[in-house]
Amino acid sequence: MSAAIEATGLGKRYGRTWALRDCSLSIPAGHVVGLVGPNGAGKTTLLSLAVGLATPTTGRVRVAGGIAAGSAAALDAVAFVAQEAALYRNLSVADMLRAGRCLNRRWDDRRARGRLADLGIPLRRKVGALSGGQRSQVALTLALAKIPELLILDEPLAALDPVARHDFMAALMTAVSEDGVSVVFSSHVVAELERVCDHVVVVHGGRIQVAGEADDLVAGHHVLTGPAEQADTVADRFPVVQDRRASAQAHLLVRAAHPDAPPGWQRHPVGLEELVLAYMREPSAAVLPGPRSAPGERMARR
Ligand code: ADP
């Protein structure tokens with residue numbers, strides 16, 4: 001299957017800080033992919049490298065089925081919505097459309113106008129006079145008007161209220177089902193991922209913690225609960241992502257599809273949100289893929 005984003009040994013250093021390192025990963029095309037991690041994790045850096053707004057310190061990144069990030073072909077194939085929908089506030093919506101038409105080789109003006117009319121967004125209105133939700137919808141309309149193969153959005157939900165957030169995600173899902181565009185968006189909000197994403201990539205401290213299809217990740221992890229005094233023995237048997245112990249009870253999130261719960265222990269399924277949060281909280285739990293690992297592959301240990 002062709003990859004929406006394929007990174008090999010990708011790293012970016014600013015001065016002494018590695019914003020991203022040893023990133024080898026293959027994000028399949030035709031999906032909605034959530035790139036999640038706490039603030040400062042490296043999400044913007046990874047997306048900027050994929051869009052070609054930053055150049056790698058190490059490794060390489062290809063987009064939309066093998067095109068070098070930042071090349072002329074990539075500029076046609078990839079649309080990018082920057083954080084907080086950076087638009088020119090003094091321009092009208094119509095001016096933004098005109099600029100988009102002039103700046104892009106591929107442009108579907110009729111569709112963009114139709115979309116804005118459906119949303120009830122007046123073309124004459126200055127961008128600065130729109131609500132945050134409307135601004136984000138204009139940014140999405142402009143991005144989709146390019147007819148991209150890959151749409152990359154950096155924290156598109158961060159500045160939106162819950163209703164605008166819901167409407168924005170609904171618009172995104174419609175675009176995916178109608179146009180088959182691949183979507184990769186970053187977020188530090190985990191709660192809505194389950195409904196929207198079929199793939200997730202968790203990044204923390206500049207490193208990929210885990211990546212894969214949401215259903216596979218959920219099926220491949222379990223929570224084991226049992227007496228705390230036996231926890232060390234159980235933890236030795238499985239790769240542990242998160243280890244929580246209260247005085248008498250241990251709660252181990254393990255990476256195993258079918259862990260046999262030892263006598264006196266119980267096995268529970270894990271939700272995507274709980275799983276993602278565990279990888280976001282416990283970066284030291286991860287043994288990370290080196291440049292030679294298979295894309296997306298990782299191991300976990302205590
Ligand atoms: P996120 O998008 O997950 O919040 P970023 O990719 O913006 O994280 O940042 C990752 C790390 O790289 C942070 O420690 C940040 O301070 C650092 N960083 C990002 N951009 C720059 C820059 N232009 N100059 C120096 N450090 C940067």
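Helices are DSSP runs (H or I) of at least four residues, numbered from the N terminus. The exercises below use a predicted model.

**Exercise 1. Describe the shell around the ligand.**

Task: State which residues surround the ligand, and which helix gives the most to this shell.

Step 1. List the shell. The ligand is surrounded by Tyr 14, Ala 19, Pro 38, Asn 39, Gly 40, Ala 41, Gly 42, Lys 43, Thr 44 and Thr 45.

Step 2. Find the helix. Helix α1, which spans residues 43–51, gives the most to the shell, with three residues.

Step 3. Sort by character. Four residues of the shell are nonpolar, five are polar and one is charged.

**Exercise 2. Find polar atoms close to oxygen atoms of the ligand.**

Task: Give the distance from an oxygen atom of the ligand to a polar atom of Gly 40, of Thr 44 and of Thr 45.

Step 1. Take the backbone. A polar backbone atom of Gly 40 lies 2.7 Å from an oxygen atom of the ligand.

Step 2. Take the side chains. For Thr 44, a polar side-chain atom is 2.7 Å from a ligand oxygen. For Thr 45, an N or O atom in the side chain is 2.6 Å from an oxygen atom of the ligand.

Step 3. Add the cover. On its own the ligand has 560 Å² of accessible area, and the protein covers 58% of it.

**Exercise 3. Place Gly 70 and classify its exposure.**

Task: Locate Gly 70 and decide whether Gly 70 is buried, partly exposed or exposed.

Step 1. Locate the residue. Gly 70 sits in the loop between β5 (67–68) and α2 (72–77).

Step 2. Apply the cut-offs. Buried means under 20% relative accessible area and exposed means over 50%, with partly exposed in between. Gly 70 has 37% relative accessibility, so it counts as partly exposed.

Step 3. List contacts. Leaving out residues up to four places away in sequence, Gly 70 touches Val 51, Gly 52 and Leu 75.

**Exercise 4. Divide the protein and examine His 222.**

Task: Name the domains, then decide whether His 222 is buried or exposed.

Step 1. Divide the chain. Domain 1 covers 3–213 and domain 2 covers 220–297. Their centres, taken over C-alpha atoms, are 32 Å apart.

Step 2. Locate His 222. This residue is found in strand β11, residues 221–227.

Step 3. Classify it. His 222 counts as buried because its relative accessibility is 11%.

Step 4. Look at the surroundings. A polar side-chain atom of His 222 lies 3.5 Å from the backbone oxygen of Ala 257. Not counting residues up to four places away in sequence, His 222 touches residues including Leu 252, Val 254, Pro 259 and Arg 267.

Conventions: Residues are numbered from 1 along each chain as its sequence is written. This is a predicted model: local features need pLDDT of at least 70, side-chain atom pairs count only at pLDDT 80 or more; totals for chains, interfaces and linings use all residues. Side-chain values use heavy atoms; hydrogens and water are left out. A residue is near a molecule or strand if one of its heavy atoms lies within 4 Å of it. A polar contact is a pair of N or O atoms within 3.5 Å; within protein, one must be able to donate a hydrogen and the other to accept it, and residues adjacent in sequence count only if both atoms are side-chain atoms. Accessible areas come from the Shrake-Rupley method with a 1.4 Å probe; for residues, only the protein chains shown count as cover. Helices (H or I, at least four residues) and strands (E, at least two) are DSSP runs, numbered from the N terminus. Ala, Val, Leu, Ile, Met, Phe, Trp, Tyr, Cys and Pro count as nonpolar, Asp, Glu, Lys and Arg as charged, and the others, Gly among them, as polar. Buried means under 20% relative accessible area, exposed over 50%, partly exposed in between (1.4 Å probe, protein chains only). Contact means heavy atoms within 4.5 Å. Domain bounds come from an automatic or database domain assignment.
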